[in-house]
Amino acid sequence: MNMPSQAAILDAHYMARALELARKGLYTTHPNPRVGCVIVRDGEVVGEGWHVRAGEPHAEVHALRQAGELARGACAYVTLEPCSHHGRTPPCAEALVKAGVARVVAAMQDPNPQVAGQGLRRLAEAGIEVASGVLEAEARALNPGFLKRMEHGLPFVRAKLAMSLDGRTAMASGESQWITGPAARSAVQRLRARSSVVLTSAASVLADNARMTVRGAELGLDAETTALALSRTPLRVLVDGRLRLPLAAPFFQAGPALVVTAVADDPRYAAAGHELLSLPGDNGQVDLGALLHALAARGVNEILLEAGAGLVGAFARQGLVDEYQLFVAGTFLGSQARPLLDWPMDKMSEAPRLKITEMRAVGDDWRVTAIPLPAPGV
């Protein structure tokens, strides 16, 4: 077995710190990626930075400002290839060149077609030593939505479901509060806060009188991070094919929302401060594939799908879910209770396979993270 060199160990050490900084932007960078930067000179960290929100300086700029003249001849570790184009802010590659850094290590290349290797190329042309691929898997895991939008033109869909040990989500009457405990509900709030969009259905909102907002008191974060999380709340998107949910419902009173429907138009929604998007599909239902493309066009990276068996089942049947977050409570709800998904199957060969990537206790409940596996032969 080949042992990593001392230089490779140091690169991984400083990149791990850059990733730690990038995670500080977990709740705020939408639609931009979460990026961190560490500048090291003569074995000492002289500058650190992370991207806070779109339109503000990128991670490299914050780190360079902290380093000052000490950036000359230093090595910059960045979790994503420095940008090379003028967007809301000047290109970071040019800032690194101007600062006189000697080496730049990127965790990964930027899949954004406006960058896509051009940032590293610009640095190399300026005589700066460049490298990429250090802790790339960790860097990719930090920005699943941004990467999927850049690489495939679609947002990353994360479906959240809460169920009993016998795979039920609610009693036959629709009663479901609360299957899981406070720790699990806090974890769900953090999932909401990190998402670009919280997507739900009229049936779910009607059943629970839900608002689908981020509740700061339940985030379980320190005061500074809570303030950051609440400074950029996700867009609430309601799938309501026939416009069943009354405008007087608490969901609409909680703030502006995007209502996706199969109905051509209804001026009452705009008058009430909400946006109506008509995407008719088959049988008077919303075209969910078209919805994802429309949201990607708006810069949406991550979607938290929080709905019942009907809408989540529809996403699942169409292969539109990238990750499942299953919160499992230590209880049984019985055979008459509602199932996890509306997904009829007749044969074992039709049953989709999932890869469980993580299981952990959350208070008295369990949290299971799973991703769909390709069908055999695909």
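**View 1. Helix α6 and its buried residues.** Pro 144, Gly 145, Phe 146, Leu 147, Lys 148, Arg 149 and Met 150 are the buried residues of α6, where buried means under 20% relative accessible area, exposed over 50% and partly exposed in between, with a 1.4 Å probe and protein chains only. This is a predicted model, in which local features need pLDDT of at least 70, side-chain atom pairs count only at pLDDT 80 or more, and totals for chains, interfaces and linings use all residues. Residues are numbered from 1 along each chain as its sequence is written, and side-chain values use heavy atoms, with hydrogens and water left out. Helices (H or I, at least four residues) and strands (E, at least two) are DSSP runs, numbered from the N terminus. Helix α6 covers residues 144–152, and 7 of its 9 residues are buried, so the rest of the structure largely encloses it. Its buried residues pack against α5 (136–142), β6, α7, α12 (288–297) and β12 (302–306); contact here means heavy atoms within 4.5 Å. Just after α6 comes Gly 153, with a positive phi of about 70 degrees.

**View 2. Helix α4 and its buried face.** Gly 119, Leu 120 and Leu 123 are the buried residues of α4 (residues 118–125). Looking down the helix axis, they fall within an arc of 95 degrees, so they line one face of α4; the arc is taken from the directions from the helix axis to the C-beta atoms. An α-helix has 3.6 residues a turn, so residues three or four places apart point the same way. The cover over the buried residues of α4 includes α3 (92–99), β4 (103–106) and β5 (129–132). Gly 127, just after α4, takes a positive phi of about 90 degrees.

**View 3. Strand β13 between two partners.** All told, 7 of the 7 residues of β13 (residues 323–329) are buried. Glu 323, Gln 325, Phe 327 and Ala 329 point one way, while Tyr 324, Leu 326 and Val 328 point the other way. Strand β6 (residues 156–164) runs parallel to β13, joined by 7 bridges, and strand β16 (residues 365–372) runs antiparallel to β13, joined by 5 bridges. Two strands pair if DSSP finds at least two bridges between them. Pick out Tyr 324 and you can follow both pairings: Ala 159 stands opposite Tyr 324, and Ala 370 is the bridge partner of Tyr 324 in β16.

**View 4. Ala 162, Trp 178 and the listed binding site.** An unreviewed UniProt entry lists Ala 162, Trp 178, Asp 208, Gly 308, Ala 309, Gly 310, Leu 311, Val 312, Gly 313 and Ala 314 under "binding site". They span 153 residues in sequence, and the farthest two C-alpha atoms are 24.1 Å apart, so they do not all gather at one spot. UniProt positions follow the numbering used here, feature names are shortened, and annotations may be inferred rather than shown by experiment. Ala 162 sits in strand β6 and is buried, at 18% relative accessible area. Leaving aside neighbours within four places in sequence, Ala 162 is in contact with Arg 168, Thr 169, Ile 179, Thr 180 and Phe 327. Trp 178, by contrast, is in the loop between β7 and α7 (182–194) and is exposed, at 51%.

**View 5. Thr 169 in strand β7.** Thr 169 belongs to β7 (residues 168–170) and counts as buried at 18% relative accessibility. Its side chain reaches the backbone oxygen of Pro 339 at 3.4 Å. A polar contact is a pair of N or O atoms within 3.5 Å; within protein, one must be able to donate a hydrogen and the other to accept it, and residues adjacent in sequence count only if both atoms are side-chain atoms.

**View 6. Ser 201 at the end of this tour of strands.** Ser 201 lies in β8 (residues 197–201) and counts as buried at 8% relative accessibility. The side chains of Ser 201 and Ser 204 share a polar contact of 3.0 Å. Beyond neighbours within four places in sequence, Ser 201 is in contact with Leu 238, Val 239, Ala 307, Gly 308 and Leu 311.
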